[in-house]
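Please open the structure in your viewer and keep the sequence panel visible beside it. The tour below proceeds by selections, and each stop explains what is to be found there.

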Amino acid sequence: MTIQPIADLPSIRRRSTADHDLSHLLAEVVHARAAEQLTRSTKRPDDTIRSNSRRLTASLSAYADALESYRLPVPRAIRDELRLRRRLTS
């Protein structure tokens, strides 16, 4: 009796912990960016603009840190945006 391996189904993908963590963090970046754009489009600026800007900076930082912890490159656009945002707040 021989054991035959089960063929992988094309619709099923195995995701690593890194994929799961990074996709969650990237989703937070996308949501924070949308929230900031929404508050910037309002007629009356207030403290929510600053809080959404801080939220976006924090989520970009968390995403970049996670990429580095998994030894993956941080995209230049994210690295540059994060550098600019940090300089603006200091």
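The stops that follow go from the whole chain to its core, then to its charged pairs, and finally to a loop.

**Stop 1. The whole chain**

Begin with the entire chain in a cartoon view, and bear in mind that this is a predicted model. The chain contains three helices and zero strands. Followed along the sequence, its pattern is α-α-α. Colour helix H1 (17-40), helix H2 (47-69) and helix H3 (76-89) separately, since these names recur at later stops.

Next, switch on the surface. The chain exposes about 7500 Å², and carbon and sulfur atoms supply 57% of that area. Of the 90 residues in the chain, 28% are buried. How many of the contacts between residues at least 6 apart in sequence join residues at least 24 apart? The share is 56%.

**Stop 2. The nonpolar core**

Hide the surface and select Leu60 and Tyr63. The largest nonpolar core has 13 residues, and these two touch the most other members. Each of the helices H1, H2 and H3 supplies at least two residues of this core. Which helix gives the largest share? That helix is H2, with six residues.

Now keep Tyr63 selected and display what surrounds its side chain. Apart from neighbours within four places in sequence, Tyr63 is in contact with Leu22, Leu25, Leu26, Val29 and Ile78.

**Stop 3. A pair between H1 and H3**

The next stops concern charged side chains. Side chains of opposite charge can pair when their charged atoms come close. By the rule applied here, the model has six salt bridges.

Select Glu81 and Arg33, and show their side chains as sticks. The two form a salt bridge, with a distance of 2.9 Å from N to O. Glu81 belongs to helix H3 and Arg33 to helix H1, and the pair links distant parts of the chain, 48 residues apart. Is Arg33 buried, partly exposed or exposed? Arg33 counts as partly exposed, because its relative accessibility is 27%, and that class lies between the limits of 20% and 50%.

**Stop 4. A second pair between H1 and H3**

Select Arg85 and Glu36. Their side chains also meet in a salt bridge, at 2.7 Å from N to O. Arg85 lies in helix H3 and Glu36 in helix H1, so this pair ties together parts of the chain that are 49 residues apart in sequence. Arg85 counts as buried, because its relative accessibility is 14%, and the limit for that class is under 20%. Glu36 is buried as well, with a relative accessible area of 5%.

Leave Arg85 selected and look at the rest of its surroundings. Its side chain makes a polar contact with the side chain of Ser53, at 3.2 Å. Not counting residues up to four places away in sequence, Arg85 touches Glu36, Ser53, Leu56, Thr57 and Leu60. Leu60 was also selected at the core stop, as one of the two residues that touch the most other core members.

**Stop 5. A pair within H3, and a network**

Select Arg83 and Asp80. Here the salt bridge has an N to O distance of 3.2 Å. Both residues lie in helix H3, three residues apart, which is about one turn of the helix. Arg83 counts as partly exposed at 38% relative accessibility, and Asp80 counts as partly exposed at 30%.

Now select Arg33, Glu36, Arg40, Glu81 and Arg85 together. Salt bridges that share partners join these five residues into one network.

**Stop 6. The loop between H2 and H3**

Finally, move to the loop between H2 and H3 and select Arg71, which is found there. What is notable in the backbone of Arg71 is its phi, near 60 degrees, a positive value in a residue other than glycine. Arg71 counts as exposed, because its relative accessibility is 78%, and the limit for that class is over 50%.

In the same loop between H2 and H3, select Pro75. At 38% relative accessibility, Pro75 counts as partly exposed. Add Ala64 to the selection and draw a distance between the two C-alpha atoms. Pro75 and Ala64 are eleven residues apart in sequence, and their C-alpha atoms are 8.5 Å apart in space.

Technical notes: Residues numbered from 1 in each chain as written. Predicted model: local features only at pLDDT ≥ 70, side-chain atom pairs only at ≥ 80, totals over all residues. Heavy atoms only, no water. Core = buried A, V, L, I, M, F, W, Y, C linked by side-chain atoms within 4.5 Å. Buried < 20%, exposed > 50% of the residue type's maximum accessible area, 1.4 Å probe, protein only. Helix = DSSP H or I, 4+ residues; strand = E, 2+ residues; numbered from the N terminus. Contact = heavy atoms within 4.5 Å. Areas by Shrake-Rupley, 256 points an atom, 1.4 Å probe, with all protein chains shown as cover. Salt bridge = Lys/Arg side-chain N within 4 Å of Asp/Glu carboxyl O. Polar contact = N/O pair within 3.5 Å; in protein donor to acceptor, adjacent residues only side chain to side chain.
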